[in-house]
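Got your viewer open and a mouse in hand? Let's take a walk through this model, one selection at a time.

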Amino acid sequence: MTTSAPEDGDPRRWWVLAFQLPTQPAYARVKIWRRLQAVGAASFKNALYLMPATDEALEDFEWTLREVRNAGGEGLILDARAVQGFTDEEIIAIFDAAREEQYRAIAEEIRTFSARFERKRDPPTAEETAAQHARFHSRISAIESIDFFQANGREQVCALLRDLEPRSISVDSLGAEPAMQTNTLTSLKGRTWVTRANVHVDRMASAWLIRRWVDPEAKFKWVADRNYQPGNSELRFDMYQGEFTHEGDQCTFEVLVSRLELKDGALSAIAEIIHDLDLKDQKFGRKETAGVQQLLAGIVAGQPSDDGRIERATNLFDDLYNSFERAR
């Protein structure tokens, strides 16, 4: 399920569920909590639950409210356009944080399972791998269904899952496109580069890289549909099944640097920073990472439009690149 962005200046609508339950039976409280987790509701102030104002979300809340009343409780569903003390972006961040944690947990499980292939004793069989792949795929699909605002982490976990495919099932059976072969920079000029709306770290850095090293006149297109199908002369980046997106434990920025064969020490340093900020695994631990994170967070907070974020991030990454060049 996806939600459309509101018009500029028009706040989002939210469904708000407020309810009370008797202390007994205890299992009713657990049952309702699990249901709210399953439908992707965000807990707010430990008393309210929020969902984007879609027909599907309203139906989910109505069923939950019925269970509350069947358990002897009471509650109501509100239609809200503002939550006092919180911006829409802060509320969205609550949803995204929950989904990112789920993506991160599955990514770690996939890494752990994949590590077994390096063992000389008792590596996974083809049958076990296929079954585990199917389970991972099912769990990721369940998270995607409640990932209302396209949280970070999805591309990474899907890239890790793709690494299991040659050992279990063919890529074509999932409808995935084969990896794009290395392109010359010339062949990438004049394209429209498509990515998910509400850009953050990896997409801002990747857009800068595209403009600086691929095509200074590159056009960008921001879309809400995670399964967007590209038109003629369009290339997707940092999107599931995109031509340039996460591969294994590499973020999109790293993939671009590698696939475009950009041998540049300053770019490599920036790639390490973007990796740690996007994947949150502290693989490189560069001292500049925290400062860059703070500056990017300021850009996101101060620029509601994606075009505005890219413009401001371009200046930041230009300066960062120049600082690494001088250090060399």
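Start by selecting A42 and L50: in strand β3, L50 is the bridge partner of A42. Strands here are DSSP runs of E with at least two residues, helices are runs of H or I with at least four, and both are numbered from the N terminus. Before you click on, know that this is a predicted model, where local features need pLDDT of at least 70, side-chain atom pairs count only at pLDDT 80 or more, and totals for chains, interfaces and linings use all residues. Residues are numbered from 1 along each chain as its sequence is written, and side-chain values use heavy atoms, with hydrogens and water left out.

**Stop 1: the sheet**

Now colour β2 (residues 42–44) and β3, which run antiparallel with three bridges between them. Two strands count as paired if DSSP finds at least two bridges between them. Click F44 next, and you'll find L48 of β3 opposite. The hairpin of β2 and β3 has three residues between its strands, and K45 there takes a positive phi near 60°.

Keep L48 selected and add A18, which also stands opposite L48. Strand β1 (residues 14–20) pairs with β3 over five bridges, again in the antiparallel sense. How much of β3 (residues 48–52) is covered? Mostly covered is the verdict: four of its five residues are buried, where buried means under 20% relative accessible area, exposed over 50% and partly exposed in between (1.4 Å probe, protein chains only).

Zoom out for the whole open sheet: four strands in the order β2-β3-β1-β4, with antiparallel pairing. Look at the edges, where β2 and β4 (74–80) each have a single partner strand, so one side of each is left without a neighbour in the sheet. From one strand to the next, the twist averages 30°.

**Stop 2: a charge over a ring**

Select W63 and R66. The charged end of R66 sits over the ring of W63, 4.6 Å from its centre. The rule for this is that NZ of Lys or CZ of Arg lies within 6 Å of the ring centre and within 35 degrees of the ring normal.

**Stop 3: aromatic rings**

Rings of Phe, Tyr and Trp (its six-membered ring) pair if their centres lie within 6.5 Å; planes under 30 degrees apart are stacked, over 60 edge-to-face and the rest tilted. That rule gives 18 aromatic pairs. Show W193 and F237: why is this pair called edge-to-face? The ring centres are 6.2 Å apart and the planes stand at 65°, so the pair is edge-to-face. W193 is in strand β5 (residues 192–196), while F237 is 44 residues away in the loop between β7 (234–236) and α7 (252–259). W193 is buried at 0% relative accessible area, and F237 is buried at 0% too.

Add F220, W222 and F244 to the selection, and you have one aromatic cluster with W193 and F237.

Next, pick W213 and Y321, an edge-to-face pair with 5.1 Å between centres and 70° between planes. W213 lies in helix α6 (residues 201–214) and Y321 in helix α10 (residues 306–327), so the pair ties together parts 108 residues apart in sequence. Buried or partly exposed? W213 is partly exposed at 23%, whereas Y321 is buried at 14%.

**Last stop: two helices**

Stay on α10 and add α9 (residues 289–302). Their axes come within 9 Å and cross at roughly 160°.

How values were computed:
Axes are lines fitted to C-alpha atoms, for helices over the stretch in contact, and angles run from 0 to 180 degrees between N-to-C directions.
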